[in-house]
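Please open the structure in your viewer and keep the selection tool at hand. The tour goes from the whole chain to one helix and then to pairs of aromatic rings.

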Amino acid sequence: SKGYHELADWLERFAVDQVAIENARGLGRNLAAWLGGRGFAITDVSTKEVRAQRLARKGGRNKNDTADALATALAAVTGAGYASTTDETGEIARLLTEEREALNTELTAKRNRLHALFRVLRPGGAPTGAKTSDFANLLKGVKATGPVIAETKRLARGLLAELRRLARALEANHQRMNDLTAQTRTGLTEIGGIAAVSACAILAAIGDPARFANHHRLAAFAGAAPKQIASGNHDRHRLDRRGNPQLKRAVHLAAMTQARMKTGPGRAYYQRKRDEGKTHREALRCLKRQLIKVIW
């Protein structure tokens, strides 16, 4: 906090009103939001552009804070940066998406712990895929035949209470996501396979779509741009393993859902690719690329 205030004072001393920040939507997100809230215009410069500027200068292979700062400024001056604006919808979507991921992670850990306790409470433990209500019903039939079983049963009750709390939190999170997508009137939820949860993940990952010049750039960001893999007589394509994880997951789920539908443009496109001789995975890759166009 002290460093942020010192930076703002230093900028105001030179009457600076525009600041270039490397990766303003990533590691530089907090600084960009703080300065943007105080009236500074923020230019987001990608790490790739900063590296290119640094390598273009004499001694550019020497990476340090001074060299990176100069490279970031040069990239912004030459027009390689992107004018970042305050994206409240994207920020709220990011917060809700991160909250949901954290809740699901905690829920899975506690459910696994409960399964471990049930292996002590009853022969064979609890069935795979047991719901909270199933755990509760099984626990009623367990008799505390000794101090170990009694203590295990107490711990299981506590975990059941935690599972119910997490389920309520996830339901509330889902409702907030529904409210957000309704307020923004985004057309994302009109795409087959994309409901409020996936729509929020996409909004959080993309932010302002204007920062992508075209749908090809967005496809590369989503890891949905096919790359040619050729060797001898074999020529095939696969998707880039890089890309934003949240966006990749949302697009993958949407493509899987559309491919399983009985009707719809996505299903028709997928089937056409299969009829051309493509495998399921190849047809799915093609469908993901088309979905990026629709999202764009």
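**From the whole chain to single rings**

Begin with the surface of the whole chain in this predicted model: the chain exposes about 17,900 Å², and carbon and sulfur atoms supply 51% of that area. With the C-alpha trace alone on display, the span along the principal axes is about 75 × 60 × 45 Å. The radius of gyration of the chain is 25 Å, whereas a compact globule of 296 residues would have one near 19 Å. If you then colour by accessibility, buried residues make up 36% of the 296 residues.

Switch next to the cartoon, in which the secondary structure comes to 12 helices and 5 strands. Among the contacts in the chain with a separation of 6 or more, 57% are between residues 24 or more positions apart.

Now select helix H3, residues 47-56, and show its side chains. Which residues of H3 are buried? They are Val50, Gln53 and Arg54, and they cover an arc of only 100° around the axis, which puts them on the same side of H3. It helps to recall that an α-helix has 3.6 residues a turn, so residues three or four places apart point the same way. Turn the view to the face of H3 that points away from its buried side, and there you will find the exposed residues Lys48 and Ala56. To see what covers the buried residues of H3, add strand E1 (18-22), strand E2 (41-45) and helix H4 (65-77), which are included in that cover.

Leave H3 and turn to the aromatic rings, for which a search of the whole structure finds 4 aromatic pairs. Select Phe118 and Phe135, one of these pairs: the ring centres are 5.4 Å apart and the planes stand at 45°, so the pair is tilted. Phe118 belongs to helix H5 (residues 88-121) and Phe135 to helix H6 (residues 132-140), so the pair ties together parts that are 17 residues apart in sequence. Are these two rings carried by buried or exposed residues? Both Phe118 and Phe135 are buried.

As a last stop, select Phe212 and Phe221, whose ring centres lie 5.1 Å apart with the planes at 50°, so this pair is tilted. Colouring these two residues by accessibility shows Phe212 as buried, with a relative accessible area of 9%, while Phe221 is partly exposed, with a relative accessible area of 24%. The cut-off between the two classes is a relative accessible area of 20%, under which a residue counts as buried.

Key. Residues numbered from 1 in each chain as written. Predicted model: local features only at pLDDT ≥ 70, side-chain atom pairs only at ≥ 80, totals over all residues. Heavy atoms only, no water. Phe/Tyr/Trp six-rings, centres within 6.5 Å; stacked < 30°, edge-to-face > 60°. Helix = DSSP H or I, 4+ residues; strand = E, 2+ residues; numbered from the N terminus. Buried < 20%, exposed > 50% of the residue type's maximum accessible area, 1.4 Å probe, protein only. Arc of directions from axis to C-beta. Contact = heavy atoms within 4.5 Å. Rg over C-alpha atoms; globule rule 2.2 N^0.38 Å. Areas by Shrake-Rupley, 256 points an atom, 1.4 Å probe, with all protein chains shown as cover.
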